[in-house]
Amino acid sequence: MLLIDCPWCGPRDDSEFQYGGEAHKRRPPAPDQVSDAVWADYLFHNQNPKGLYLERWRHSAGCRRWFNIARDTVSHAVLEVYPADALPSNAAARAVYEQNWRRENEAAANAAAVAETTEIGA
Amino acid sequence: MSHQPYRLASGGHIDRDHEIEFTFNGRLYRGHPGDTLASALLANGVHFVGRGFKYHRPRGIFAAGAEEPNALIQLGHGPRTEPNLRATQVALYDGLTATSQNVWPSLRFDLASVNQWVSRFLPAGFYYKTFMWPASQWMRYEHVIRKAAGLGKAPTDRDPDRYEKMHDHVDVLIVGGGPAGLAAALAAAATGARVMVTEAKAGFGGHICFDGAQQIDGQPAAEWVTAAVAKLQAMPEVTVLPRTTVTGYYDHNYITALERVTDHLGNTPTHLVRQRFWKIRAKQVVLATGAIERPLVFADNDRPGIMLASAVREYVNSYGVLPGRETVIFTNNDDAYRTALALDDAHARITAIVDLRAEADAVAGDLVAAARDRGIKTYFNHAIIAVSGHRRVTGCSIMELAEDGTTVTGPVTSLVADCIAMSGGWSPSVHLFSQSRGTLSWDDEQACFIPDVAHEATVSVGASAGDFSLAGALKNGLKGGMEAARASGAKGRQPAAPKVDPVTEMPLRAIWQVPTNAGKGKQFVDFQNDVTAADIRLAAQEGYLSVEHTKRYTTTGMGTDQGRTSNVNALAILANARDAHIPDVGTTTFRPPLEPVAIGAFAGRAVGGQFEPVRSTPMDPWHHANGATFEHVGQWMRAWYYPRGSETMREAVDRECVAARTGVGILDASTLGKIDVKGPDAAEFLNRIYTNGWLKLAVGRARYGLMLGEDGMVKDDGVTVRLAEDHFHMTTTTGGTAAVLDWLEEWSQTEWPDLQVYFTSVTEQWAVASICGPKARDLLAELSDDIDLSDAALPFMGVSTGTVAGLPARVFRISFTGELSFEINVPSRHGLALWTALMAAGEKYDITPYGTESMHVLRAEKGFIIVGQETDGSVTPGDLGMDWIVASKKADFVGKRSLARTDSLRADRKQLVGLLSTDPEVVLPEGAQVVADLKPAPPMTMLGHVTSSYYSANCGRSIAMALIAGGRARLGETVHLPLSDGNLTAVVTEPQFFDPKGERLNG
């Protein structure tokens, strides 16, 4: 059983927590403007790495707060616990954040959203 | 004392002043307190205690501890009986009764023992090869095979004993109370660290308790142990747990342990639990779990009387029991000579020592020299090639080994023996280390796997680290304990290591399969699962090269002993068959629990009424007093229906449903989930969570809302009331409350943290009585003089605050029945008073309480859905025909985008429709499959299934709802419901059956 260091309550058994899957998945800001494929990336597709993973947890039997964890899915080592609205500071975790297809998709979506706004503005 | 013919006149840690009686296989025997069942049986000359798993050959007591593969017994009878216990671990108590397992009809006359004569037809993988065809017969085969293999009988009655769980946090957990573990505990405890030390046996000291005369710091080893334990027990931060087996080693140093509190007492005192299951989180773990002796793999090495050499020594020194009067010792190492010396000290006859090593390789050892000085006959470079005796060994034949050790040569010598003490070397107990995902490495010199790289914060010391000497155990135990304490944050200096006289021991000679001059005799590797060396070679020959495959194919190591005595021998023989190096073959994985654990220990106190909390409403006493029947809804106990006199359920529900539409009905709706939503952005938040619009809802008005998952599927529904600009009272389905609160909080915290809104569960703070029917307003008017109940002041979906029956109340005019209806909310403490007042005032209107069953019928008559019944996580609002509640003009809400997915727009999605069975008296079974084209047998194209189905007294016929592919295009069509007891037909209709225009809402 994992020992998770809740940022608000301290270390607790994982049975007090709820798992929330991949962290840093951004909800498309204008869902109506994205294709089915982009929406599916947000909705259904998760990274499933063998190794370091940035994931969401919530202390549901305690403070009920959501936060993020950088955890190795092989060794179960927890490298970092950090707030839901922050990025990891651990270098390896930061690299995991930056180096995945989701960031590229988001860049594309953002570009599309900007184009859309410009068009409407024009 | 002469009742126990094999009990020595002195020695052992038993209470010789008391004699106790026990029964084994129906025969009465005597033993002493301090005996195990095994030692007491041996004291009575009983070796033959069970039969093999596959061949049903006679089997004897083999070991003296947890590694015992043979002596599995069924203890006790009735509800307290327990199967698969090792006689070597069962503490003897007065009146103990036990029987052998795996024998039928009896131990001495076992019908299945014929298997040993047909054994060449029972090779490795026999069951896989033989019973797989025809597949349809497997269930029948399995029944017979299981009976033949019978591993004891589970009790059929409820376990009468109590168990409990204990949670603890420690700085250093030390597993094992032998010399290394005690040294580690002393070092760690001296720093002031919080220390726990567990020992599986009743007594501490491990092998030094039975290894014979040894000195630690100039005092007898046993005295050192006693002093160490006393010192630890006196320290406030130290917990000492004897009779406690660590059963599992999980992530992040989470450890489970089973403490056998009263098993050794026979009669459990009522104030004590039988067993206690510990859940321990340790900063650091020291594994001092010792080592297990390996058997030698020679012909017919399973005959009763053939035992591990260390076990023979333990029976002599710890229990004062002589396993045999004439013992042959068969060894490949020096340690077995300790057994020879122990037997000699007890004046027992040693026929000979048979040593696989050449004299030159052994003679320099101190123990070998001691045996020679005592004149014990030793055959060096010899092997046992055959064993005589069936139910008990009577002797053996030995021959000289050829130079390379793979064959035997020269003349045969016969030796008399009623006990053969064998030793194939020692394997460190790495099970827990391996469970914690530590890796192992092969120690070629000692021929064993030792811990290599730890995965958790753990250190192995003593024999479990491959350090078999007493001096090394003490020294490295202290070091390991100190390092662990320091790593946990404690400070201190390592105590000096106690002085021990060194013992010179010579290396063992690894001959994994002892050669013989004839092909006769089975060479057992795994005694519990009856796996022989030939089975392993056959598996290798058939291509099972992976150790994991070989394990499953031959079942070696898969017994309840987890292959404690067999794994290394099996690996070595597999390696030999593959011409590979042992570490290259790899090891199998050890999994928890380390030993079988009674399910009761896992359950602890969470049994019977304490299995799960029962939630009941404030009105619960009234329901009980008035004959309600109850049903479970989640953890709630809800009134189901209220039968009068001899009414059947159908009659009661019919009566309740009619009353609710013709007079006035009352329902306890307190279990509805209630969430208080507050904050300046509360309306905006709800607007994003629900499919419909919430910004313009007026204060004092209610609105029905549908909540979707982000996938567009219906998640929950309910009515939410606006109490103030920034204050809403949300209701949810009874079963969905916790999930909805989670859902709201998740969106609030992670997606829209900028919205100022707070959620509080108030389900239990409000009691709710729902009254409905044409006379509901009249009734309420009698109890409230400060709430205007007129249509103008309190219209449908209106809310008023005031008093009802003198109690502070919020009255919602909402309806789940389609009738004029009021939901009266009062603080929970007033719930019963409100209910009682309504019942009293309602008497003249013939008020009728109705339960959840009638509530279901009444809403189904109106075609109102129940989330979880009409929906299953794959149903959109459109599927339910509820597009009217989806505000497509809203920019966004949770799930909106998914409603535009191609899949959500398919015309052939399953849609909610009504079904009217052709025979109006027939109630279609809920869950029944609906097909368009009836065929004599499956497969048939399934259209969907019945979601709700009832008899409706108000409609005068049965009604049903169903989810059917393209259902709304099928209105008027006849569909079929193929059932095992005959087919039914029904017509597809709109899913409203009563008052489709909703004219009754105004009474």
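A salt bridge here is a side-chain nitrogen of Lys or Arg within 4 Å of a carboxyl oxygen of Asp or Glu. By that rule the structure holds 64 salt bridges over all chains.

Before you start: this is a predicted model, where local features need pLDDT of at least 70 and side-chain atom pairs count only at pLDDT 80 or more, while totals for chains, interfaces and linings use all residues. Residues are numbered from 1 along each chain as its sequence is written, chains are lettered from A and ligands numbered from 1 in the order in which they are written, and side-chain values use heavy atoms, with hydrogens and water left out.

**Exercise 1. Get a feel for chain B.**

Step 1: Start with its secondary structure, which comes to 24 helices and 49 strands. Helices (H or I, at least four residues) and strands (E, at least two) are DSSP runs, numbered from the N terminus.

Step 2: Look at the extent. The C-alpha trace of chain B spans about 115 × 70 × 55 Å along its principal axes.

Step 3: Check burial. Of the 1003 residues of chain B, 58% count as buried; buried means under 20% relative accessible area, exposed over 50%, and partly exposed in between (1.4 Å probe, protein chains only).

**Exercise 2. Describe where chain A and chain B touch.**

Step 1: Count the residues. Chain A puts in 25 residues and chain B 28 residues, with contact meaning heavy atoms within 4.5 Å.

Step 2: Take the area. About 2,400 Å² is buried between the two chains, and carbon and sulfur atoms give 41% of that. Buried area is the accessible area (1.4 Å probe) that two parts lose on being put together, summed over both.

Step 3: Find the salt bridges. The rule gives ten across this interface. One of them pairs Asp892(B) with Arg27(A), the closest N and O atoms being 2.7 Å apart.

Step 4: Ask which elements of chain A take part. Helix H1 (36–43) and strand E4 (52–58) of chain A each give two or more residues to the side that touches chain B. The largest share, four residues, comes from H1(A).

**Exercise 3. Work out what the salt bridge of Asp13(A) and Arg281(B) joins.**

Step 1: Get the distance: the closest N and O atoms are 2.6 Å apart.

Step 2: Place the partners. Asp13(A) sits in strand E2 (residues 10–13) of chain A and Arg281(B) in strand E15 (residues 275–287) of chain B, so the pair joins two chains.

Step 3: Check exposure. Asp13(A) is buried, and so is Arg281(B).

**Exercise 4. Find a salt bridge that links distant parts of chain B.**

Step 1: Try Arg276(B) and Glu164(B), with closest N and O atoms 2.5 Å apart.

Step 2: Locate them. Arg276(B) is in strand E15 of chain B and Glu164(B) in strand E8 of chain B, 112 residues apart.

Step 3: Note that both Arg276(B) and Glu164(B) are buried.

**Exercise 5. Explain why Cys419(B) and Cys955(B) have no disulfide.**

Step 1: Search everything. The whole structure has zero disulfides over all chains, a disulfide being a pair of cysteine sulfur atoms within 2.5 Å.

Step 2: Take Cys419(B). Its closest cysteine sulfur, in Cys396(B), is 11 Å away, so that's too far for a bond. Cys419(B) counts as buried, at 0% relative accessibility.

Step 3: Take Cys955(B). The closest cysteine sulfur is in Cys657(B), 9.8 Å away, so again too far for a bond. Cys955(B) is partly exposed, with a relative accessible area of 24%.
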